Amino acid sequence: EHDGEIPPLQHALAMPNQESIAVLHGLGGPVDMHEWTLLHTFGDVAGSLALGGGLFLGGGIADVRESMLRRLEAWDEAESSRMFVQALHGHAAWAPGQLDGEISAGVWRWAPRLGYDF
């Protein structure tokens with residue numbers, strides 16, 4: 001139980017004595033502030049969506065943790081250096097056409113794609 005507070009995600013993904021896994025936390029947006037969205041490098045997580053470049057979106061916290069544990073058991077220095085989880089509190093969302101209107105109005109700008117550094 002969390003009594004309306006943000007779930008203790010840092011404890012759910014904590015790996016004692018493991019500095020090789022980066023678990024970062026951030027704000028994803030103002031919608032559904034009580035939910036977490038996971039951005040990670042674990043392709044075997046059920047329900048996750050491949051974004052490209054070895055990056056995945058979604059899946060359950062328990063599934064991400066299990067994948068992290070499996071990789072640690074099969075320890076590979078090169079592989080472990082690519083373990084990453086970004087937990088985003090809330091998300092951004094737009095009504096149909098709203099984002100296009102905001103881009104046209106100059107609220108958002110296009111930027112060149114940057115490479116992932118995992």
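## A walk through the fold

The protein chain has four helices and five strands. The model is a predicted one. Read from the N terminus, its elements follow the order α-β-β-β-β-α-α-β-α. The chain holds 118 residues, and buried residues make up 24% of them. Now take the contacts between residues at least 6 apart in sequence: 62% of these join residues at least 24 apart.

Start with the strand pairing. Strand β3 covers residues 48-52 and is joined to β4 by four bridges, with the two strands running antiparallel. Within this pairing, Ala 50 stands opposite Phe 56 of β4. The two strands form a hairpin with two residues between them. Gly 53 takes a positive phi there, near 65°.

Strand β4 spans residues 55-58 and also pairs with β2, again in the antiparallel sense, over two bridges. Here Leu 39 faces Leu 57 in β4. Strand β2 itself runs over residues 31-40 and has an antiparallel pairing with β5, over six bridges. Which residue in β5 is the bridge partner of Leu 39? That partner is Gln 86. Leu 39 thus appears in two pairings: opposite Leu 57 in β4, and bridged to Gln 86 in β5.

Next, look at β5 itself. Is this strand largely enclosed or largely open? Six of its eight residues are buried, so the rest of the structure largely encloses β5. Gln 86 lies in this strand. At 16% relative accessibility, Gln 86 counts as buried, because the cut-off is under 20%. Beyond four places in sequence, Gln 86 touches Leu 24, His 25 and Gly 26, and also Thr 37, Leu 38 and Leu 39.

Leu 88 is also placed in β5. Its relative accessibility is 22%, so Leu 88 counts as partly exposed. Setting aside neighbours within four places, Leu 88 is in contact with Gly 26, Leu 27 and Gly 28, as well as Glu 35, Trp 36 and Thr 37. Leu 27 sits 61 residues away along the chain, yet the C-alpha atoms of Leu 88 and Leu 27 are separated by 5.2 Å.

Now move past the end of β5, to the aromatic rings. How many aromatic pairs does the model contain? The count comes to one. Trp 94 and Trp 108 form this pair. Their ring centres are 6.0 Å apart, and the planes meet at 75°. That makes the pair edge-to-face, because the angle is over 60 degrees. Trp 94 lies in the loop between β5 (84-91) and α4 (98-104), while Trp 108 is in the segment after α4, so the pair ties together parts that are 14 residues apart in sequence. How accessible are the two partners? Trp 94 is partly exposed, with a relative accessible area of 35%. Trp 108 also counts as partly exposed, at 43% relative accessibility.

The last stop is a pocket. Rolling a probe the size of a water molecule over the atoms shows where empty space is left. The largest pocket has a volume of about 350 Å³. Which residues line the largest pocket? Both Trp 94 and Trp 108 do, together with Ala 92, Leu 99, Ile 103, Arg 109 and Trp 110. By class, this lining has six nonpolar residues, no polar ones and one charged. The charged one is Arg 109, because Arg falls in the charged class.

Methods. Residues are numbered from 1 along each chain as its sequence is written. This is a predicted model: local features need pLDDT of at least 70, side-chain atom pairs count only at pLDDT 80 or more; totals for chains, interfaces and linings use all residues. Side-chain values use heavy atoms; hydrogens and water are left out. Rings of Phe, Tyr and Trp (its six-membered ring) pair if their centres lie within 6.5 Å; planes under 30 degrees apart count as stacked, over 60 as edge-to-face and the rest as tilted. Buried means under 20% relative accessible area, exposed over 50%, partly exposed in between (1.4 Å probe, protein chains only). Two strands pair if DSSP finds at least two bridges between them. On a 1 Å grid over the protein atoms alone, a cavity is a set of points where a 1.4 Å probe fits but cannot get out, and a pocket is an open set with protein on both sides within 12 Å along at least five of seven lines; lining residues have an atom within 4 Å of a point. Grid points are joined across faces, edges and corners, and a volume is the space filled by probe spheres set on the points. Contact means heavy atoms within 4.5 Å.
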